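Let's take a stroll through this one, from the domains to the chain interface and then the charged pairs. Have the structure open as you read.

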Amino acid sequence: MRKYAVAYSIALQETLQRRSALIMDRLGGFAVVLSLYSFWDALLGDKPSFLGYTRAEMLTYVLLLNVLRSFVFTGRGWQVVGEISSGRVSSYLVRPIRYQGYALALDLAQKTVHAASAVLEVGLLVLLARGHVFLPRDPAAWLLFIAAAALAALIFFCLEFMVSSLAFWTSESGGPLFCFELFLQFAAGAFFPLDVLPAALRQALAATPFPSLVYVPARVFLQKVPPAEALNLLAVQAGWLALFALVSAALWRRGVDSYAAEGG
Amino acid sequence: MAAAIEAHGLTKDYRSPVKELGLWGGVKSLFDRKFKDTRAVDGVSFRIEEGELVGFLGANGAGKTTTLKMLSGLLTPTAGSAAALGFTPWRRQPEFQRQISLVMGQRSQLWWEIPAQETFRLNQAIYGLSDADFRKHLDELVELLELGEHLSVPVKKLSLGQRMRAELAAALLHRPRLLLLDEPTIGLDVVMQKKAREFIREYNRRHGATVMLTSHNMTDVVELCRRVIVIERGRLLYDGPLDRLVERYADHKILRARFHKPVDAADLARLGTVTACGDDGATLQVPREKVAASAAEILRSYPVADLNVEEVDIDDVVRRLFTHT
C-alpha cells in the first residue's frame, strides 16, 4: 500500500505545483456554481418551494453541486488516455505496481485538492446566501452523505478508467471520453436536480448508475430520503461500484494483453 | 556461468487492426475486428551470461525494440520461449520486475512538474527499498551521474542531458540485475554521450549487472560491447565478438599511404579503389586477399613515407550489412 500512498502524496504536490491551472480550474467551477445559484435564486423568487424542494434546499443543492462535482468528477482520465496512446504506460507495466491502483491514488490527490477548495468556495457563498442553506442537524445524515459521496467518486473513477482504456484499441478515445463526461454530468444531476426531468426520463435514468454520482448523495445530504432508504441507495451504489470495478479491471487486463507498445 | 537471458525461437507477429477510418470505425473494430499480421521478430535464439554487456544491432524496424520489449515482459511472443533471470518475462511477476529495468531513450518515467527526487521516492516505494538502501544507491548514482544540484530542480527545467541522467538514476535505483537499454544516448551531445557510456560501463563493472543495449550510435557499441548480436528483418544475422563481425562482413581493408611527392591516382587504381588522393597521400580500399600484394607493390613502386593497413570502420561494416541483406 505504501507505493500508492507515496504516489498520492507526490500527485498532491504536483497538483499544488500547477498553481495557475488549479486557480483557473477553480475560477471556472466557481463561475458555474455562481451562475446556477443566481439562476435558481431568480427562478425561485418568492416561491416557498419548487418541485418538492424548499428554497433553502434548492439553493443548497446548487451549492452542493460545486463540492460534488469537484470531488466526484475530478480525475485524470485524459492522462490515462495520453499515457496509453503515447506508449508511456510501458514504464508502469514493467515496474511492480498496479496501474489501476496508481491511477486511483493520483485521482484521489486531485479530488482532495479540488474538494477542499470547493468547500471553501461554498463557505464563501453561504456567507453571501445569508441563511438560505440547509445543513443537516443529524450527524448520521452527514455520515451517510460522506459514504455516498465516497462511493460516487469511486464509481466515477471506474467508469472513467473504463472509457479511458478504450485508448488501447482506438487512437480516438478522447472523443468518447469527452461525450461520456458531458452526458454523465447531465444524467448525474450535476446541472440541476433530476426532479426537473419528465417522469419517464427520470425513471429511465434511475435504472442507470448515473444518478448515484451526484443526485443520490445530494438527496441524502438534504435528507430527502429516510435513513433506511438512504442505506438502500448506498447498497445500490456499492453494487454499481463492484460491477464497474470488475469490468474496468477486466477491460484493462484485456487492453494490456493486446497492447502492441507502439514502435519497434 | 548462469544465463541471464535465454531465448529460443523468439517470434513476434504484430497484429495491426485493419479498421475503417473515423470514430465509428474505432467502435466497430471493438466488436468486428480484422487484422493484418506483420512478423517483427522471427525465430531469434541467443543466450547471454550474467554480467555480460551485449550490443544489439539492427536497422530501423529490424526487431530490436520488439525483442527488448519481450524480454522485459511488455510483449508476449507469438511463438518461442525466453527466460530472463530464470523468469518468464511476460508473466510480469513482481519478483522479476524488481530485478530488471527497461530504459527507452525517448520515453520518460520522471514526473515533469516536480523535482526528479520525488520520482526516486516513488520508485523507492514501488521497489520496496529500505531507507538505508535507498540512500546508499542514490548517493552512488548521484556521484556517478554527477546529478547533485539537479535533484531538487523540477524536471521540466532540466536540460536534455540532465534529464537523461536523472532517467538513468530512476531506472537503476533498485539496482537491477538486468538492464535493457534502448537507445540510451539518443539526443545527447557528444560529451554527455561519453558520460552515459562511462556510467553504463561502470555500473556493469561494479554490480556485475547484465546489460543489453541497442544503439544507432556505433561509438556506444564499440566502446561498451565486446559481443554483438545483429538482427535484420527479425532474423538473427550474427552473434559473436565485435571484432569478428568486421572480419566476417568487411571484404576489404583500408590502405593509407603517405608519399614524399604526389602520385597519379589513376595509376594507383590498379591496386584497389582509391577513395582519397591528395598531394601527400592516398587512401585505398583493397580486397582482403590482395592486401599483402598491394602493400608490397606500393612500397616497391611509390615514394612511400608511411603506410598503414587498417580494418574498415565498424560503422561502415554495419551499414553495409544492413544494405546488402
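How far apart do the C-alpha centres of domain 1 of chain B and domain 2 of chain B lie? The answer is 40 Å, and bear in mind that this is a predicted model.

## Two domains in chain B

Chain B splits into domain 1, covering 3-246, and domain 2, covering 251-324. Where they touch, domain 1 of chain B brings 12 residues and domain 2 of chain B brings nine residues. About 840 Å² is buried between domain 1 of chain B and domain 2 of chain B, with 82% of that area coming from carbon and sulfur atoms. On the domain 1 side, B:Met218, B:Leu245 and B:Val246 supply 59% of the area buried against domain 2 of chain B, more than any other three residues.

Polar links don't feature in this contact: between domain 1 of chain B and domain 2 of chain B there are zero salt bridges. Residue pairs in polar contact, with both at pLDDT 80 or more, also number zero across the interface of domain 1 of chain B and domain 2 of chain B. As for which elements do the touching, helix 8 (218-224), strand 8 (227-232) and helix 9 (242-249) of chain B each put at least two residues into the domain 1 side.

## Where chain B meets chain A

Now for the other interface. Here 36 residues of chain B are in contact with 37 residues of chain A. The size of an interface is often quoted as the accessible area lost when the parts come together. Between chain B and chain A, that buried area is about 3400 Å², and carbon and sulfur atoms give 56% of it.

The chain B and chain A interface has one salt bridge: A:Arg18 pairs with B:Glu113, and their closest N and O atoms are 3.5 Å apart. There are also nine residue pairs in polar contact across the interface of chain B and chain A, counting pairs with both at pLDDT 80 or more. On the chain B side, helix 1 (22-31), helix 2 (64-72), helix 3 and helix 4 (116-126) each give two or more residues. Helix 4 of chain B has the largest share, at seven residues.

## Charged pairs within the chains

Side chains of opposite charge can pair when their charged atoms come close. Over all chains, the salt bridge count is 35. In chain A, A:Arg88 and A:Glu83 meet at 3.0 Å, N to O. A:Glu83 counts as buried because its relative accessibility is 4%, under the 20% cut-off, whereas A:Arg88 is partly exposed at 22%.

Over in chain B, B:Glu140 and B:Arg175 form a salt bridge at 3.3 Å. This pair joins distant parts of the chain, 35 residues apart: B:Glu140 is in helix 5 (residues 131-145), and B:Arg175 is in the loop between helix 6 (160-172) and strand 6 (178-182) of chain B. B:Glu140 is buried at 13%, while B:Arg175 is partly exposed at 24%. Both belong to a salt-bridge network that also includes B:Glu143, B:Glu202, B:Arg205 and B:Arg206. For a pair within one helix, look at B:Lys194 and B:Glu198, with N to O at 2.9 Å; they lie four residues apart in helix 7 (residues 190-207) of chain B, about one turn.

## A glutamine and the cysteines

B:Gln99 sits in the loop between helix 3 (94-97) and strand 5 (100-104) of chain B. Its side chain reaches the backbone oxygen of B:Glu95 at 3.0 Å. The residues touched by B:Gln99 include B:Leu85, B:Phe87 and B:Pro176.

Disulfides come to zero over all chains. Among the cysteines, A:Cys158 is buried at 6% relative accessibility, and B:Cys225 is buried at 3%.

Definitions and conventions: Residues are numbered from 1 along each chain as its sequence is written. Chains are lettered from A and ligands numbered from 1 in the order in which they are written. This is a predicted model: local features need pLDDT of at least 70, side-chain atom pairs count only at pLDDT 80 or more; totals for chains, interfaces and linings use all residues. Side-chain values use heavy atoms; hydrogens and water are left out. A disulfide is a pair of cysteine sulfur atoms within 2.5 Å. Buried means under 20% relative accessible area, exposed over 50%, partly exposed in between (1.4 Å probe, protein chains only). Domain bounds come from an automatic or database domain assignment. Contact means heavy atoms within 4.5 Å. Buried area is the accessible area (1.4 Å probe) that two parts lose on being put together, summed over both. A salt bridge is a side-chain nitrogen of Lys or Arg within 4 Å of a carboxyl oxygen of Asp or Glu. A polar contact is a pair of N or O atoms within 3.5 Å; within protein, one must be able to donate a hydrogen and the other to accept it, and residues adjacent in sequence count only if both atoms are side-chain atoms. Lists of a residue's contacts leave out its neighbours within four places in sequence.
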